[in-house]
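Colleague: Got a few minutes to go through this one with me? I'd like to ask things and have you reason them out.

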Amino acid sequence: MPEAFLILILFQLVGSALQTVLHLPVPGPVIGMFLLAAALLWKRSRTRTDKPASSFDSPALSSLSRSLIACLGLLFVPAGVGLVTQMPVLLANGLPIAVALFGSTLLGLMVTAFVMHKATRDRPSPERIPDTGGQVL
Amino acid sequence: MQSLSHTLHQIYARFLPEPNMETLFWLSVTLAVFALGVRLQIRLGRAPWANPVLFAIAFVALGLLITETPYGTYFQSVKIINFLLGPATVALAIPLADSIRLVTRSLPAMTLALLAGSITSVVSGVLLVLLLGGSHDVALSMAPKAVTTPIAIAITTQIGGIPALTAAFAILGGIIAAMIGETTLRRLGITDWRAHGLAAGIAGSGIAAAQVAQRDPVGAAFAALGIGLNGLVTAIIVPLILYFLPG
């Protein structure tokens with residue numbers, strides 16, 4: 001568990017350092033995310049499945065990341081409450097905000113799904129609808 | 001109402017004079033209200049409209065109002081929760097690595113859909129705000145709203161938007177996507193869970209992805225991918241698009 005948390009923090013640190021040094025437009029934690037994904041895939045491509053898992057790509061890292069992602073919503077609350085300081089801006093722009101949020105979200109959904117639907121050659125996999133208890137990832 | 005608020009403020013000022021007590025108090029309130037929101041949503045049959053994040057934000061805001069606490073004091077108390085957004089973003093690497101086999105199989109289609117969806121979200125958001133007479137700050141804050149919130153906040157900080165507004169837009173956009181996504185796409189004749197998942201991840205990030213994940217495992221994998229890749233693509237295209245847009 002401490003090692004798993006260390007891995008997340010270290011990759012965030014490296015990502016943030018790269019962003020500062022190279023003046024990248026991508027935020028540090030996002031760079032860290034892609035670096036960690038690449039590192040995991042590289043490690044897995046070198047590890048045979050019958051060998052024990054390495055200390056780096058550990059079940060602890062999986063369970064920690066699952067816990068963090070499961071309470072992702074909670075992590076948005078402190079910044080979200082900042083909405084109270086934005087009330088004058090929100091109310092002054094009520095109509096554009098409501099229309100843009102609704103229209104843009106709907107357009108984004110439809111365009112993404114339509115392009116994916118048209119460009120996918122093979123047939124869709126059969127539908128399975130289990131209830132995973134609301135667990136996201 | 002005025003005197004009630006005053007009394008509550010006096011109780012607050014009497015019992016929470018130390019910074020440490022204040023931190024513990026607001027951390028407890030935030031965690032308790034969020035947990036209550038989650039329970040309420042489960043009680044309502046996991047209804048997408050009963051979103052726990054919105055619930056927690058509303059009640060904490062009400063709490064700040066009646067105890068006359070400034071937002072700065074509250075944020076100082078709960079900034080450890082906010083700090084965890086960084087490691088949580090890095091943690092998205094694990095589902096991303098786990099679902100890599102599915103991606104490589106439909107890579108060309110995914111790339112096209114990802115670019116089309118990202119550009120549509122950013123451009124339509126910014127243009128709709130500007131066309132309807134919204135302010136420049138609001139338009140900038142609207143640009144990265146479809147991305148998962150930690151990434152959206154980082155992008156909006158970089159381009160000069162208002163992080164709190166972007167967070168609100170991302171959450172509200174996610175709720176809209178979760179509520180109307182599946183029915184809208186089925187009406188268009190799209191039943192493939194890969195398309196449903198990717199669209200939810202790209203247009204509505206975490207909240208919409210959670211909705212799809214409850215319905216289908218393939219949808220969950222593609223929603224996770226949509227979130228991760230849309231973060232990268234949007235972080236790169238937002239500065240580019242803003243460079244070419246008027247204003």
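Modeller: Sure, and let's start with a term: a salt bridge here is a side-chain nitrogen of Lys or Arg within 4 Å of a carboxyl oxygen of Asp or Glu. Bear in mind that this is a predicted model.

Colleague: OK, so which residue forms a salt bridge with Asp192(B)?

Modeller: By that rule the count over all chains is one salt bridge. Its closest N and O atoms are 2.9 Å apart, which is within the 4 Å cut-off. The partner of Asp192(B) is Arg194(B).

Colleague: Is Arg194(B) buried or exposed?

Modeller: Buried means under 20% relative accessible area. Asp192(B) has 7%, so Asp192(B) is buried. Arg194(B) has a relative accessibility of 6%, so Arg194(B) also counts as buried.

Colleague: How many salt bridges does the rule find across the interface of chain A and chain B?

Modeller: The one salt bridge counted over all chains pairs Asp192(B) with Arg194(B). Both of those residues carry the chain letter B. Across the interface of chain A and chain B, the count is zero.

Colleague: What is the area buried between chain A and chain B?

Modeller: On the contact side, 82 residues of chain A touch 107 residues of chain B. Five residue pairs are in polar contact between the two chains, with both residues at pLDDT 80 or more. Carbon and sulfur atoms give 79% of the buried area. The total comes to about 7900 Å².

Colleague: And which element gives the most to the side of chain A that touches chain B?

Modeller: Zero salt bridges cross that interface. The elements of chain A that give two or more residues to that side include α1, α2 and α3 (59–70), with α7 (94–119) also among them. With 23 residues, the top contributor is α7(A).

Colleague: Stepping back to the fold of chain A, how many strands are there?

Modeller: From the N terminus on, the elements run α-α-α-α-α-α-α. That fits a chain with seven helices, and the number of strands is zero.

Colleague: What percentage of the residues of chain A count as buried?

Modeller: The accessible surface of chain A is about 7400 Å², and 68% of that belongs to carbon and sulfur atoms. Chain A has 137 residues, and the buried portion is 39%.

Colleague: There's a nonpolar surface patch too; which helix gives the largest share of it?

Modeller: The patch covers about 410 Å² and is made by Val14(A), Leu18(A), Val21(A), Leu22(A) and Leu35(A). Leu35(A) sits in helix α2 (residues 28–46) of chain A, and at 32% relative accessibility this leucine counts as partly exposed. The largest share, four residues, comes from helix α1 (residues 2–22) of chain A.

Colleague: Over to chain B: which side chain makes a polar contact with the side chain of Thr166(B)?

Modeller: Thr166(B) lies in helix α11 (residues 163–187) of chain B. Its relative accessible area is 0%, so Thr166(B) is buried. Beyond its neighbours within four places in sequence, Thr166(B) is in contact with Ser141(B), Pro144(B), Ala152(B) and Thr156(B). The polar contact, at 2.8 Å, is with the side chain of Thr156(B).

Colleague: Last one: what distance separates the C-alpha atoms of Ala35(B) and Pro52(B)?

Modeller: Ala35(B) belongs to helix α2 (residues 19–43) of chain B and is partly exposed, at 37% relative accessibility. Ala35(B) and Pro52(B) are 17 residues apart along the chain, and the distance between their C-alpha atoms is 7.9 Å.

How values were computed:
Residues numbered from 1 in each chain as written. Chains lettered and ligands numbered in written order. Predicted model: local features only at pLDDT ≥ 70, side-chain atom pairs only at ≥ 80, totals over all residues. Heavy atoms only, no water. Buried < 20%, exposed > 50% of the residue type's maximum accessible area, 1.4 Å probe, protein only. Polar contact = N/O pair within 3.5 Å; in protein donor to acceptor, adjacent residues only side chain to side chain. Contact = heavy atoms within 4.5 Å. Patch = residues over 30% accessible without salt bridge, like charges linked within 9 Å, V, L, I, M, F, W, Y side chains within 5 Å. Areas by Shrake-Rupley, 256 points an atom, 1.4 Å probe, with all protein chains shown as cover. Buried area = accessible area lost by both parts, 1.4 Å probe.
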